[in-house]
Amino acid sequence: MTTVAETQAKSLMKPAGTPVQRHVLGLSGGRDSAALAVYMRQHYPDLKLEYFFTDTGKELPEVYEFLGRLEGFLGQAILRLNPDRDFDFWLREYGHFLPSASTRWCTRQLKLLPFKQWLRPSLSSGHRITSYVAIRADEDYRQGFEPTQENLKVNYPFREAGIDKQGVIELLDASGLGLPKYYDWRSRSGCTFCFFQQKIEWVNLKRNHPDAFEEAKRYEKSALEHGSPFTWSQGESLFDIEKPERIAEIEADFIARKAREKARIPVNPLRPIKFVEPTDIDDLFGEDEGGGACLVCHK
């Protein structure tokens, strides 16, 4: 795999008549991709990067607010890629069946397709494109986008530099950006009704964005009426989750898991107290509920 430094050197030293070289970095509105943008800006300021965000139109307001602050830090605009057809169109195309972990049509149609369409003219013209992806050094289990075109390469700067999750948090803190505000109650960026949400995140969505929760309920009700086998949350509908007694159970379980996790994590004396790593909701639940997230949405 070509390193970032090697890619930069080739880009700056290309002779006349060689193919155009583009460098692109996708932002999800999440922590890791934002930290990668900060890292690249600080360590490779001469690399002409194009930052982009694929907007499904169903994102959290906090995502747009955070992207605005990130633009201020980078000193350049983040390109918005908008799908030609929205979620409602594709929901009808898929027979009103909700997307799920086994059928991720939302990721394919609303995230990956606009990205491919954006790059297609350049790739067809023979331009060389390097995409920078925010997979961390502590994520050996993750696999990124694997291009099929010879002139599209993928780089993983965090893996090269040995930057882990806590290193990402330190980057954002030192830059003055901090974490996106939704991390107070949610572990992921992406659509408000992402099916990878843990049950506590659905409870928190109802509390923080009740209109978005009601919209998700309407989608779910329509899908069930059309014979969809899926609800947004594994094993129960949002109508069940929002019952007061069920909310109390979910919150009690979350508090118990968080206490167990806090007691389990050893204190690291080599890092300042203010950089103590917050526990992601996904880390608490693992495969019990959501079971992960799509890389292009979550990072």
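Buried means under 20% relative accessible area, exposed over 50%, and partly exposed in between, with a 1.4 Å probe and protein chains only. By that rule, 49% of the 299 residues of the protein chain count as buried.

The model is predicted: local features need pLDDT of at least 70, side-chain atom pairs count only at pLDDT 80 or more, and totals for chains, interfaces and linings use all residues. Residues are numbered from 1 along each chain as its sequence is written, and side-chain values use heavy atoms, with hydrogens and water left out.

**Exercise 1. The overall chain**

State how many helices and strands the protein chain has, and what share of its contacts comes from residues 24 or more positions apart.

Step 1. Helices (H or I, at least four residues) and strands (E, at least two) are DSSP runs, numbered from the N terminus. The protein chain has 13 helices and 5 strands.

Step 2. Contact means heavy atoms within 4.5 Å. Take the contacts with a separation of 6 or more: residues 24 or more positions apart account for 73% of them.

**Exercise 2. Glu62 and its partner**

Find what the side chain of Glu62 meets, given that Glu62 is buried yet has no salt bridge.

Step 1. Locate Glu62: this residue lies in helix H3, which covers residues 61-74.

Step 2. Look for an opposite charge. Lys and Arg count as positive, Asp and Glu as negative, while His and the chain ends are not counted. A salt bridge is a side-chain nitrogen of Lys or Arg within 4 Å of a carboxyl oxygen of Asp or Glu. For Glu62, the nearest side chain of opposite charge is Arg186, 7.6 Å away.

Step 3. Look for a polar contact, a pair of N or O atoms within 3.5 Å; within protein, one must be able to donate a hydrogen and the other to accept it, and residues adjacent in sequence count only if both atoms are side-chain atoms. The side chains of Glu62 and His209 are joined by one of 3.0 Å.

Step 4. Check the partner. His209 sits in the loop between helix H8 (199-208) and helix H9 (210-225). His209 is buried, at 18% relative accessible area. Beyond four places in sequence, His209 touches Leu60, Pro61, Glu62, Trp185 and Asn204.

**Exercise 3. Two helix pairs**

Classify the packing of H2 with H3 and of H8 with H9.

Step 1. Axes are lines fitted to C-alpha atoms, for helices over the stretch in contact, and angles run from 0 to 180 degrees between N-to-C directions. Angles under 35 degrees count as roughly parallel, over 145 as roughly antiparallel, 65 to 115 as roughly perpendicular and the rest as oblique.

Step 2. The axes of H2 (residues 31-43) and H3 come within 11 Å and cross at roughly 5°. So H2 is roughly parallel to H3. Ala34, Ala37, Val38, Arg41 and Gln42 in H2 meet Phe66, Leu70, Phe73 and Leu74 in H3.

Step 3. For H8 and H9, the angle is about 125° and the axes are 5 Å apart. H8 and H9 are therefore oblique to each other. Residues in this contact include Trp202 and Leu205 of H8, with Pro210 and Phe213 of H9.

**Exercise 4. Helix H7**

Decide whether H7 is largely enclosed or exposed, then inspect its two ends.

Step 1. Of the 11 residues of H7 (residues 165-175), 8 are buried, so the rest of the structure largely encloses this helix. Among them are Lys165, Val168 and Leu172.

Step 2. At the N-terminal end, Asp164 is the cap: a side-chain oxygen lies 3.4 Å from the backbone nitrogen of Gln166.

Step 3. After H7 comes Gly176, with a positive phi near 90°.

**Exercise 5. Salt bridges around Lys217**

Trace the salt bridges that Lys217 makes with Glu214 and Glu242.

Step 1. Lys217 is buried, at 9% relative accessibility.

Step 2. Glu214 and Lys217 form a salt bridge of 3.4 Å, N to O. They are 3 residues apart in helix H9, which means about one helical turn separates them.

Step 3. Glu242 and Lys217 form another, at 2.7 Å, N to O. This pair links distant parts of the chain, 25 residues apart: Glu242 is in the loop between helix H10 (238-241) and helix H11 (244-264), and Lys217 is in helix H9.

Step 4. Place them in the whole: the count comes to 19 salt bridges.
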